[in-house]
Amino acid sequence: MDDPIDLPIDGELDLHTFRPQDVKEVLPAYLEECQRRGILEVRVVHGKGIGQLRQTVHALLGRHPEVVSFSLATEPFGGSGATFVHLRRLLTTDH
């Protein structure tokens, strides 16, 4: 049985540390926690490789209801090996 990985929630998720089959669970959970903490700009590092992981990440982001937009990072931030994600701000109600 695998132990859970303790991830820092700092707005940057490096997927190199995860098995490809885990990305479909890890990415949405990470984005949800970032959004909950008010981190609305996230950088997801997926690597350049042959682009398969990038395609998976972009497909997940395209279906995620809390993602406002996403785009490949600029060269200083990883270029085609990373994606910037912009999340919707959570609406808060004070009762």
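The strands of this predicted model form an open sheet of four, in the order β1-β2-β4-β3 and with mixed pairing; strands are DSSP runs (E, at least two residues) and helices likewise (H or I, at least four), numbered from the N terminus, and two strands pair if DSSP finds at least two bridges between them. Because β1 (12-14) and β3 (67-72) stand at the edges with a single partner strand each, one side of each has no neighbour in the sheet. Residues are numbered from 1 along each chain as its sequence is written. Local features need pLDDT of at least 70 and side-chain atom pairs pLDDT 80 or more, while totals for chains, interfaces and linings use all residues; side-chain values use heavy atoms, without hydrogens and water.

Let us now look at one pairing. Five bridges join β3 and β4 in the antiparallel sense, and Leu-72 has Thr-83 in β4 as its bridge partner. Helix α2 packs on the sheet and touches β2, β3 and β4, where contact means heavy atoms within 4.5 Å.

Thr-83 belongs to strand β4 (residues 82-87). Thr-83 has a relative accessible area of 0%, so this residue counts as buried (under 20%; exposed is over 50%, partly exposed in between; 1.4 Å probe, protein chains only). Its side chain makes polar contacts with the side chains of His-46 (2.7 Å) and His-58 (2.7 Å). A polar contact is a pair of N or O atoms within 3.5 Å; within protein, one must be able to donate a hydrogen and the other to accept it, and residues adjacent in sequence count only if both atoms are side-chain atoms.

Conventions: Axes are lines fitted to C-alpha atoms, for helices over the stretch in contact, and angles run from 0 to 180 degrees between N-to-C directions.
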